[in-house]
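Biologist: I would like to learn how to read a structure like this one, feature by feature. Could you walk me through it?

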Amino acid sequence: MSDDEDLPAWSEPFTSDRRTGLQRLPPLRRIDRDWAWGGSDGTGVTVAIVDSGIEPGHPAIEGKVRQSVVVALDDEGEPRVRDDPDGLDVVGHGTACAAIIHSLAPGAEFLSVRVLGPDNRGKGVVFAEGLDWAIEHGASVVNLSLSSKSEALYGTFHELADAAYFANVLLVSAANNVPGPSYPSLFSSVVSVASHDVADPWTLYYNPSPPVEFGAYGLDVDVAWKDGERIVATGNSFAAPHVAGLAALIRSKHPGATPFEVKTILAAIADNPRPRGRRPPRPS
Amino acid sequence: MTDRLSSEALELLRAIGLRAEAARRLRIGSAEAVLRSIVEATVALFRAEAASIALYDPATDKLVFRVAAGAQGQGVVGLSVPTSQGLVGYVYTTGQALALADVLKDKRFGRQFAEKTQYVPRSIVAVPLTDDHGTMGVLEVLDKRDEASFSLRDIELASVFARQAAVAIGASRVERDLSELLRSAVASLVGDEAADAPLDELVTAATSGLARDDESQLWVLVDRIARIGRADPSQLALVADLLGVAAEHAERAARPRRSSRIRAR
């Protein structure tokens with residue numbers, strides 16, 4: 001195995017002449033918020049909102065919707081994606097998520113992928129198709145404040161979570177309050193978020209016990225809503241976009257950061273209490 | 001195959017469907033009793049003005065409010081909302097628990113529907129009723145008397161109650177999916193070729209009207225028996241005797257009149 005040609009292709013990046021290209025993050029303790037996103041406003045990052053749509057004219061969005069599509073079943077029962085040039089939010093929820101992200105990362109642009117509508121048939125496959133579209137259409141971060149409970153779609157969503165990871169797309173998903181199947185929020189490459197009650201959009205906690213790894217502001221959040229309105233809302237689906245917003249800032253400043261690196265940066269800058277005066281034990 | 005099935009099986013399927021629907025209605029009392037106790041406990045625990053449970057009805061693609069509790073709760077029972085509308089529809093479709101304060105600000109979520117129920121809330125929490133197969137409905141709690149809005153812990157507590165409700169409903173799921181039950185039963189008898197449109201039509205014909213034919217005297221009878229079933233056991237003997245007399249009378253009336261003429265001679 002001395003000859004490089006004998007190595008399987010997977011080992012290629014680790015050969016001696018190429019290892020210099022592997023330089024990544026500074027040691028975790030040197031990562032702070034200034035390093036993570038100082039000077040960044042999310043410019044150059046595209047965030048997809050897979051939800052009830054985004055109201056493009058809402059004052060809290062400031063015209064940042066680049067494209068709106070809607071997913072629905074066709075006559076044969078197949079999910080189809082079509083343009084929704086005027087944009088529409090059937091509930092207000094997608095607009096709320098986008099506006100939270102915009103308040104943190106005002107430079108980021110949105111893809112609105114509407115997967116909720118009057119027809120409730122096949123909602124799981126419609127959601128999967130919408131996520132697939134977002135991954136393939138240039139989203140860098142995808143906010144998923146919804147999930148599928150269908151065991152039958154476990155494989156589909158697992159494939160999509162992997163496809164996103166390999167395409168360097170970060171999926172940020174709201175966690176569920178009850179145990180049981182919830183896809184893709186339970187997959188390891190997905191950033192799964194629940195709520196904390198500190199009334200500050202920048203406060204973030206890291207939970208070292210997955211599947212729910214991050215806690216963000218989700219209690220009594222003043223959010224944008226349908227018809228240009230605002231409303232006070234509570235739920236993990238408002239916590240997730242806070243993390244998506246921070247991820248957009250990080251990816252704007254560090255475009256090469258992979259999904260797991262973004263997770264690591266988020267964990268490094270989290271507001272978890274730190275043991276005072278204690279140094280990590282050194283290996284003997 | 002289809003012709004033979006059409007003539008012979010239609011009657012059979014209809015008879016099975018009739019019995020299954022009657023059984024479902026007779027048993028629904030127990031499922032509803034559990035749901036009712038869940039919303040009553042929810043109201044007490046949260047010190048809320050109202051709590052209610054809406055279940056998904058696949059026939060109409062709507063969420064129907066089945067039980068409610070609390071001083072302001074009763075107006076909602078029997079009302080239905082499309083799954084594409086309102087807080088309840090959103091929570092059902094996305095499976096995400098949600099709480100809103102100042103509901104009145106949102107015209108679609110709050111006002112229009114709330115006015116139909118005679119009670120317009122300030123704050124709402126809605127959580128999905130979920131089991132391992134998916135979401136089947138929504139538990140909704142309106143207005144805590146002591147606080148202006150719902151906390152994160154409230155959402156988690158409501159989710160625990162919703163889980164209980166989902167388990168209770170899951171137990172009676174088989175009867176609810178009557179068409180699917182009949183279809184799979186026939187398919188297992190006649191093999192894969194049964195998976196064609198005529199079979200669907202057959203099952204539809206056999207079961208159509210069963211679920212929603214509420215005007216029929218038979219369903220009035222079944223529903224009354226279901227209600228009696230929840231009564232004091234000491235009353236049941238009397239009811240059984242009365243029904244026995246009525247059944248005998250009905251059978252006598254159904255006999256050909258010829259026999260009475262013979263007797264008259």
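Modeller: Gladly, and please keep in mind that this is a predicted model. Let's start with one residue and its surroundings. Leaving aside neighbours within four places in sequence, Val142(A) is in contact with Ala48(A), Val50(A), Leu131(A), Ala134(A), Val169(A), Leu170(A), Leu171(A) and Val172(A).

Biologist: Which residues of the largest nonpolar core touch the most other members?

Modeller: A nonpolar core is a set of buried nonpolar residues joined through side-chain atoms within 4.5 Å. Here the largest one has 61 residues, and those touching the most other members are Val50(A), Val142(A), Phe157(A), Leu171(A), Val223(A) and Phe238(A). Helix α3 of chain A, residues 123-136, supplies the largest share of this core, with seven residues. A second core of 43 residues lies apart from it, and includes Ile54(A), Ala244(A), Ile250(A) and Val262(A).

Biologist: Let me try a strand residue next. Where is Leu111(A) placed, and is Leu111(A) buried or exposed?

Modeller: Leu111(A) sits in strand β4 of chain A. Its relative accessibility is 0%, so Leu111(A) counts as buried. Not counting residues up to four places away in sequence, Leu111(A) touches Thr46(A), Val47(A), Ala48(A), Ile49(A), Arg66(A), Gln67(A), Trp133(A), His137(A) and Ala139(A). You can also compare sequence with space: Leu111(A) and Val50(A) are 61 residues apart along the chain, while their C-alpha atoms are 8.4 Å apart.

Biologist: What does Ser237(A) contact?

Modeller: Ser237(A) lies in helix α5 of chain A, residues 236-253. Setting aside neighbours within four places in sequence, Ser237(A) is in contact with His93(A), Cys97(A), Ser145(A) and Ala174(A), and also with Gln96(B) and Leu98(B) of the other letter, B. With a relative accessibility of 0%, Ser237(A) counts as buried.

Biologist: Now to charges. How should I read a salt bridge, and how many does the structure hold?

Modeller: Side chains of opposite charge can pair when their charged atoms come close. Over all chains, the structure holds twelve salt bridges. One of them joins Asp84(A) and Arg114(A), whose closest N and O atoms are 3.5 Å apart. Asp84(A) is in the loop between β3 (79-83) and α2 (93-104) of chain A, and Arg114(A) is in strand β4 (residues 109-114), so this pair ties together parts 30 residues apart in sequence.

Biologist: Are those two partners buried or exposed?

Modeller: The cut-off for buried is under 20% relative accessible area. Asp84(A), at 13%, is therefore buried, and Arg114(A) is buried as well, at 9%.

Biologist: Which residues in chain B form a network of salt bridges?

Modeller: Lys144(B), Glu147(B) and Asp154(B) are linked in such a network. Within it, the side chains of Lys144(B) and Asp154(B) meet at 2.7 Å, N to O. This pair links distant parts of the chain, ten residues apart: Lys144(B) belongs to strand β6 (residues 134-144) and Asp154(B) to helix α4 (residues 152-170) of chain B. Lys144(B) counts as buried at 8% relative accessibility, and Asp154(B) is buried at 7%.

Biologist: What about Arg252(B) and Glu248(B), which meet in a salt bridge: why are they separated by about one helical turn?

Modeller: Both are in helix α9 of chain B (residues 233-254), and because they are four residues apart there, about one helical turn separates them. Their N to O distance is 3.5 Å. Arg252(B) counts as partly exposed, at 49% relative accessibility, and Glu248(B) is partly exposed with a relative accessible area of 49%.

Biologist: How do I find empty space, and which residues line the second largest cavity?

Modeller: Rolling a probe the size of a water molecule over the atoms shows where empty space is left. The count here comes to three cavities of 30 Å³ or more. The second largest cavity holds about 50 Å³ of space. Its lining is made of Val90(A), Val91(A), Leu116(A) and Gly117(A) from chain A, together with Thr83(B), Ser84(B), Gly89(B), Tyr90(B) and Thr93(B) from chain B. By type, the lining divides into four nonpolar, five polar and no charged residues.

Biologist: To finish, how many helices and strands does chain B have?

Modeller: Chain B has ten helices and six strands. Of its 265 residues, 41% count as buried. Among its contacts between residues at least 6 apart in sequence, 58% join residues at least 24 apart.

How values were computed. Residues are numbered from 1 along each chain as its sequence is written. Chains are lettered from A and ligands numbered from 1 in the order in which they are written. This is a predicted model: local features need pLDDT of at least 70, side-chain atom pairs count only at pLDDT 80 or more; totals for chains, interfaces and linings use all residues. Side-chain values use heavy atoms; hydrogens and water are left out. Buried means under 20% relative accessible area, exposed over 50%, partly exposed in between (1.4 Å probe, protein chains only). Helices (H or I, at least four residues) and strands (E, at least two) are DSSP runs, numbered from the N terminus. Contact means heavy atoms within 4.5 Å. On a 1 Å grid over the protein atoms alone, a cavity is a set of points where a 1.4 Å probe fits but cannot get out, and a pocket is an open set with protein on both sides within 12 Å along at least five of seven lines; lining residues have an atom within 4 Å of a point. Grid points are joined across faces, edges and corners, and a volume is the space filled by probe spheres set on the points. Ala, Val, Leu, Ile, Met, Phe, Trp, Tyr, Cys and Pro count as nonpolar, Asp, Glu, Lys and Arg as charged, and the others, Gly among them, as polar. A salt bridge is a side-chain nitrogen of Lys or Arg within 4 Å of a carboxyl oxygen of Asp or Glu.
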